[in-house]
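Biologist: Pick the one part of this model that you would zoom in on, and take me through it closely. Then set it in its surroundings.

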Amino acid sequence: MTAGSAQPDVLNGPFTTRQLLRLDEALRLADSSTGLTFSIYVGDLDESARASAEKLHGQLADPPHSVLVAVSPNQRLLEIVTGGEARRRLPDRAAKLAALSMAAAFGGGDLAGGLVAGLAQLADHAGRA
């Protein structure tokens with residue numbers, strides 16, 4: 001909050017409010033249509049990006065049934081981590097296809113759109129519970 005203001009400061013992140021609402025809706029739809037829990041992390045990853053993403057995934061409420069999309073725009077890195085149960089419905093090949101789709105959008109400067117499309121693609125591959 002700023003001094004003398006009852007309103008919180010705007011988050012200093014890569015997304016507009018509209019983009020955050022689109023991401024929230026995409027996460028909600030992916031969760032409800034699959035029964036899995038999808039999460040997004042946007043920020044720097046440690047030197048071993050995969051290990052860093054796996055550590056973040058392990059901190060989720062239900063890692064076996066969770067899918068984490070970790071993106072580090074500054075490092076130009078993308079990792080998709082699936083828990084054991086999620087991996088049965090979302091094989092590595094499907095995750096790689098979604099990653100390619102997201103990377104293409106990111107390369108065009110559309111971080112939020114790439115994430116929304118990638119989540120939809122991952123949810124489609126995972127199917128219904």
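Modeller: The answer below goes from one strand to its neighbours and then outward.

This is a predicted model, in which local features need pLDDT of at least 70, side-chain atom pairs count only at pLDDT 80 or more, and totals for chains, interfaces and linings use all residues. Residues are numbered from 1 along each chain as its sequence is written, and side-chain values use heavy atoms, with hydrogens and water left out.

Start with strand S2, residues 66–72. Helices (H or I, at least four residues) and strands (E, at least two) are DSSP runs, numbered from the N terminus. Seven of the seven residues of S2 are buried, so the strand is largely enclosed by the rest of the structure. Buried means under 20% relative accessible area, exposed over 50%, and partly exposed in between, with a 1.4 Å probe and protein chains only.

Look at the two sides in turn. In a regular strand the side chains alternate between the two faces of the sheet. On one side of S2 sit Ser 66, Leu 68, Ala 70 and Ser 72. On the other are Val 67, Val 69 and Val 71. Both faces are covered.

Ser 66 lies in S2. Its relative accessibility is 1%, so Ser 66 counts as buried. Leaving aside residues up to four places away in sequence, Ser 66 touches Thr 37, His 57, Leu 60, Val 81, Thr 82, Gly 83 and Ala 86. Contact here means heavy atoms within 4.5 Å.

Now the neighbours. Two strands pair if DSSP finds at least two bridges between them. S1 (residues 37–42) pairs with S2 in the parallel sense, over six bridges. S3 pairs with S2 in the antiparallel sense, also over six bridges. Leu 68 shows both sides of this arrangement. Ser 39 has Leu 68 as its bridge partner in S2. Leu 68 in turn has Val 81 as its bridge partner in S3. Further along, Tyr 41 is matched with Ala 70 of S2.

The link from S2 to S3 is a hairpin with four residues between the strands. Arg 76 belongs to that loop. Phi of Arg 76 is near 55°, a positive value in a residue other than glycine. Most residues other than glycine have a negative phi, and most peptide bonds are trans. Arg 76 is exposed, as its relative accessible area is 74%.

The link from S1 to S2 involves a helix. S1, H2 and S2 make a right-handed β-α-β unit. Right-handed means that, with the strands pointing away from the viewer, the path from the first strand over the helix to the second runs clockwise. H2 spans residues 49–58, and its buried residues are Ala 49, Ser 52, Ala 53 and His 57. Seen down the axis of H2, these residues fall within an arc of 140°, so they line one face of the helix. That arc is taken from the directions between the helix axis and the C-beta atoms. An α-helix has 3.6 residues a turn, so residues three or four places apart point the same way. S2 is part of what covers the buried residues of H2, and so is S3 (77–82). His 57 is also among the residues that Ser 66 touches.

Step away from the sheet. Helix H5 (residues 111–126) holds Gly 118. With a relative accessible area of 0%, Gly 118 is buried. Beyond residues up to four places away in sequence, Gly 118 touches Ala 98 and Met 102. Gly 118 and Ala 26 are 92 residues apart in sequence, yet their C-alpha atoms are 9.4 Å apart. For contrast, take Ala 104 in helix H4 (residues 92–107). Ala 104 counts as exposed because its relative accessibility is 55%. Its C-alpha atom is separated by 7.7 Å from that of Gly 114, 10 residues along the chain.

Finally, the whole chain. There are five helices and three strands, in the order α-β-α-β-β-α-α-α. The radius of gyration is 15 Å, close to the 14 Å that the globule rule gives for 129 residues, so the chain is as compact as a globular protein of that length. That radius is taken over C-alpha atoms, and the rule is 2.2 Å times the number of residues to the power 0.38. The C-alpha atoms fill a box of roughly 55 × 30 × 30 Å along the principal axes. Buried residues make up 35% of the 129 residues. Of the contacts with a separation of 6 or more, 60% come from residues 24 or more positions apart.
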